[in-house]
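Let's take a walk through this structure together, one piece at a time. Keep the 3D view open as you read.

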Amino acid sequence: MQTQDKALRIKKNNNRWAFGMGTIGRDALFTMVSMYLIYYLTDVLNVSVETMWSINFVYMGLRIFDALNDPFMGLIVDNTKTRWGKFRPWIVIGAFFTGIFMVLLFTDVGLKGWQYILYFTIVYVLFEVSYTMNDLAYWSMLPALTENQKEREKIGAVARICANIGLFALVVGIVPITKALADYSGSLLKAYQILAVALVLIMWIFQMIPVLFCKEQVEGLRSETTNLRDLFRVIVGNDQLLWVTLGLLLFMVGYTATTSFGIYYFKYIYGDENMYSVFALVLGISQILALLIFPLLSKRWKRSRLYSFDTALIVV
């Protein structure tokens, strides 16, 4: 009996850390695209103002595309049946192509004007599709790792901490690393490309950890198939889900605006681009500490009270 309990604890710990470590490289890579791709275009690649206006409209259109792409890819993952399960094939395929298109986004191909806009649109769409493929499969694996809700929360907490480590490692290091690589390569353009390649390799390595070492313990999460029409009917017909979606939408508008303009603020308003790394370090440590403190507060407060307190704290 003791041997079985010990084996179960080892399996839980393996799942917890293997799943969590998969987020480190992945979130660092996505952070570079979500927070620094526009900066790369304006201050490194130096595209024209007219081109940037067109790219901004491309971004708006792709956000609408994302809204359709997410449930569609979720439907594909949900109905997948292979000898390796439904999640692992899409995690691997998505991670591979995400890396390829990530490097292409940060590569100067020598195109200008509408030629570059077309190139950017195609590559970015393919990046979004492949990343969504990986992201949905990865997080959908979590319920299959254990039936125990508390253990799921622990696995998710470790994953969020690891994701923040990857995220803030890049945010803190983006300025000094690219400057060092620019001195080495002789060009800031090459520096961003080298960094992109390095992040892709790191992501591939860390993504293989959950693929190889996570053990699924829950069989048959869904026995019936779902078509796209039924999926949208569920979303539109669920008023609680719609309110949550609206809340997340508004949060992401504010979050994306404040985080994306950070490096511009320190470069052009504050006047010292190097201080961006110091600011990011404080932000990263604060956020990781918050993740560690959250379980303690959640035991003492109801979720509604904790949510209200956290929202007020953000406003302050």
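Before we look at any pair of helices, here is a term we'll need: a crossing is called right-handed if the near helix is turned clockwise from the far one by less than a right angle, and left-handed if it is turned anticlockwise. One more thing to keep in mind is that what you're looking at is a predicted model.

Now find α10 and α11. The crossing of these two helices is right-handed. Their axes are 9 Å apart, and the helices pack at an angle of about 140 degrees. That angle makes α10 oblique to α11, because only angles over 145 degrees would count as roughly antiparallel. So who does the touching? On the α10 side it's Gly262, Ile263 and Phe266, and they meet Met275, Tyr276 and Phe279 of α11.

Stay on α11 for a moment, since Gly284 sits in this helix too. Gly284 has a relative accessible area of just 3%, so it counts as buried, the cut-off being under 20%. Its C-alpha atom is 7.8 Å from that of Ile165, though the two residues are 119 places apart along the chain.

Next, let's head for the largest nonpolar core, which has 52 residues. Within it, Met102, Phe106 and Phe120 touch the most other members. Plenty of helices chip in: α1, α2, α3, α4, α6, α7, α10 and α11 each supply at least two residues. The largest share comes from α1, with eleven residues. To get a feel for how this core is knitted together, pick out Met102: leaving out residues up to four places away in sequence, Met102 touches Leu29, Met32, Val33, Phe127, Ala196, Leu199 and Val200. Apart from this core lies another one, of 16 residues, and Phe87, Tyr138, Met141 and Cys214 are among them.

Over in helix α2 you'll find Thr51. Is Thr51 buried or exposed? Its relative accessibility is 6%, so Thr51 counts as buried. Setting aside neighbours within four places in sequence, Thr51 is in contact with Gly113, Tyr116 and Ile117.

Finish with α12, which covers residues 303-315. Of its 13 residues, the number buried is one, so this helix lies largely in the open. How far apart are its end C-alpha atoms? They are 18 Å apart, and that agrees with the expected span, because 13 residues at 1.5 Å a residue should also span 18 Å.

Definitions and conventions
Residues numbered from 1 in each chain as written. Predicted model: local features only at pLDDT ≥ 70, side-chain atom pairs only at ≥ 80, totals over all residues. Heavy atoms only, no water. Core = buried A, V, L, I, M, F, W, Y, C linked by side-chain atoms within 4.5 Å. Buried < 20%, exposed > 50% of the residue type's maximum accessible area, 1.4 Å probe, protein only. Helix = DSSP H or I, 4+ residues; strand = E, 2+ residues; numbered from the N terminus. Contact = heavy atoms within 4.5 Å. Expected span 1.5 Å × (residues − 1). Axes fitted to C-alpha atoms, helices over the stretch in contact; angles between N-to-C directions. Parallel < 35°, antiparallel > 145°, perpendicular 65-115°, else oblique.
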